[in-house]
Every structure is written in C-alpha cells, then in structure tokens.
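Here is a short briefing to read alongside the sequence and the coordinates. Have a look at the fold first, and then let's walk through it together.

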Amino acid sequence: MRRYLFLALGLALCGAVGACTRLEIVGPKDSGRPGEFPHQKLASRDALPADLGDLVGVTASAEHPNWAQAWFMRPDKSIAVVWINSRTGSMLDEMLIIPRR
C-alpha cells in the first residue's frame, strides 16, 4: 500500500511541476498595455534636465526593485516621470509626460 501511495504522490508532483510555466521578465515600462500618455526623449542621459522642475516624489515597485521612478512637477504643472536604475546608476532615455488641464 505504501508503494502505491508514494507512486501516486510522485506522479502528482511530476504533473504539478510539468504544469508550471516560466515567468517572463519585463522592464518597468513593458506592461503590454498601450499607453495613453506621451513619452519624450531625454536630451542626455548624463544628468536630469533643469526644465523638469521640482522633484515631488520617488517611488519604487516590488516587481522591479532596482528601478525607481522620479516624479517632477514641470513649470506648466504637468508631471514628468523618469526611470532610474539604482543598481547600475543608469537612466532610461525617455520620460513619461502626464499633462494637466
């Protein structure tokens, strides 16, 4: 009886492992949904442009712990979001613009 129990457990474990799928690793902007806000290219990735305005917040995501989003209020009151990788010290070459009316 024990042999049949271990055989059944082994087959169940093999079936469960076989049903698993590998998770896809995506970047912070690769959500697969079409964006509604425009993106603008940064002139340089060496420094943040002064015309971004005041830094109002920094957020991080548990899904992408190395990436931080820096939120800026521009002079026209629109919001600009820049992605910065804290591990490599690099920055994405485009920013998200959230217009305000």
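In which strand is Q69 found? Q69 is found in strand β3, which covers residues 67-73. Please keep in mind that this is a predicted model. The protein has one helix and five strands, and the notes below start from the whole chain before turning to the sheet, its strands and some individual residues.

**Overall make-up**

- From the N terminus on, the order of elements is α-β-β-β-β-β.
- The protein has 101 residues, and 21% of them count as buried.
- About 8200 Å² of the protein is exposed, with carbon and sulfur atoms supplying 59% of that area.
- If we take the contacts between residues at least 6 apart in sequence, 36% of them join residues at least 24 apart.

**The sheet**

- The five strands make an open sheet, ordered β1-β5-β4-β3-β2, with antiparallel pairing.
- The edge positions belong to β1 (39-41) and β2 (54-60); each has a single partner strand, so one side of each is left without a neighbour in the sheet.
- From one strand to the next, the twist averages 30°.

**β5 and its two partners**

- Strand β5 spans residues 94-98 and is joined to β1 by three bridges, the two strands running antiparallel.
- Across this pairing, H39 stands opposite L96, while K41 stands opposite E94.
- Three bridges also join β5 to β4 (residues 79-85), again in an antiparallel arrangement.
- On the β4 side, V81 is the residue that stands opposite L96, so to speak of L96 is to speak of a β5 residue with H39 opposite it as well.- Is β5 enclosed or open to the outside? Five of the five residues of β5 are buried, so the strand is largely enclosed by the rest of the structure.
- Both faces of β5 are covered, with E94, L96 and I98 buried on one side and M95 and I97 buried on the other.

**Nonpolar cores**

- In soluble globular proteins, nonpolar side chains tend to be buried together.
- Which residues make up the largest nonpolar core? Its nine members are L42, L52, A70, F72, A80, V82, M91, M95 and I97.
- Strands β3, β4 and β5 are the elements that give two or more residues to this core.
- There is also a second, separate core of six residues, and W67, V81, L96 and I98 are among them.
- A70, a member of the largest core, touches L55, G57, A80, V81, V82 and I84 when residues up to four places away in sequence are not counted.

**Q69 in β3**

- Q69 has a relative accessibility of 12%, under the 20% cut-off, and therefore counts as buried.
- The side chain of Q69 makes a polar contact of 2.8 Å with the side chain of T59.
- Beyond residues up to four places away in sequence, Q69 touches G57, V58, T59, A60, V81, V82 and W83.

**N85 in β4**

- N85 is found in strand β4 and, at 7% relative accessibility, counts as buried.
- Which backbone nitrogens does the side chain of N85 lie by? A polar atom of this side chain lies 2.8 Å from the backbone nitrogen of R87, and the side chain also reaches the backbone nitrogen of T88 at 3.1 Å.
- Setting aside neighbours within four places in sequence, N85 is in contact with N66, W67 and S90.
- One of these contacts, W67, is also part of the second nonpolar core.

**D93 in the loop between β4 and β5**

- Where is D93 placed? D93 is in the loop between β4 and β5.
- With a relative accessible area of 31%, D93 is partly exposed.
- D93 and Q40 are 53 residues apart in sequence, yet their C-alpha atoms are 8.6 Å apart in space.
- Leaving aside neighbours within four places in sequence, D93 is in contact with Q40, K41, L42 and R45.
- The side chains of D93 and K41 are joined by a polar contact of 3.2 Å.
- K41 is also the residue that stands opposite E94 in β5, and L42 belongs to the largest nonpolar core.

Note on methods: Residues are numbered from 1 along each chain as its sequence is written. This is a predicted model: local features need pLDDT of at least 70, side-chain atom pairs count only at pLDDT 80 or more; totals for chains, interfaces and linings use all residues. Side-chain values use heavy atoms; hydrogens and water are left out. Two strands pair if DSSP finds at least two bridges between them. Helices (H or I, at least four residues) and strands (E, at least two) are DSSP runs, numbered from the N terminus. Axes are lines fitted to C-alpha atoms, for helices over the stretch in contact, and angles run from 0 to 180 degrees between N-to-C directions. Buried means under 20% relative accessible area, exposed over 50%, partly exposed in between (1.4 Å probe, protein chains only). A polar contact is a pair of N or O atoms within 3.5 Å; within protein, one must be able to donate a hydrogen and the other to accept it, and residues adjacent in sequence count only if both atoms are side-chain atoms. Contact means heavy atoms within 4.5 Å. Accessible areas come from the Shrake-Rupley method with a 1.4 Å probe; for residues, only the protein chains shown count as cover. A nonpolar core is a set of buried Ala, Val, Leu, Ile, Met, Phe, Trp, Tyr and Cys residues joined through side-chain atoms within 4.5 Å.
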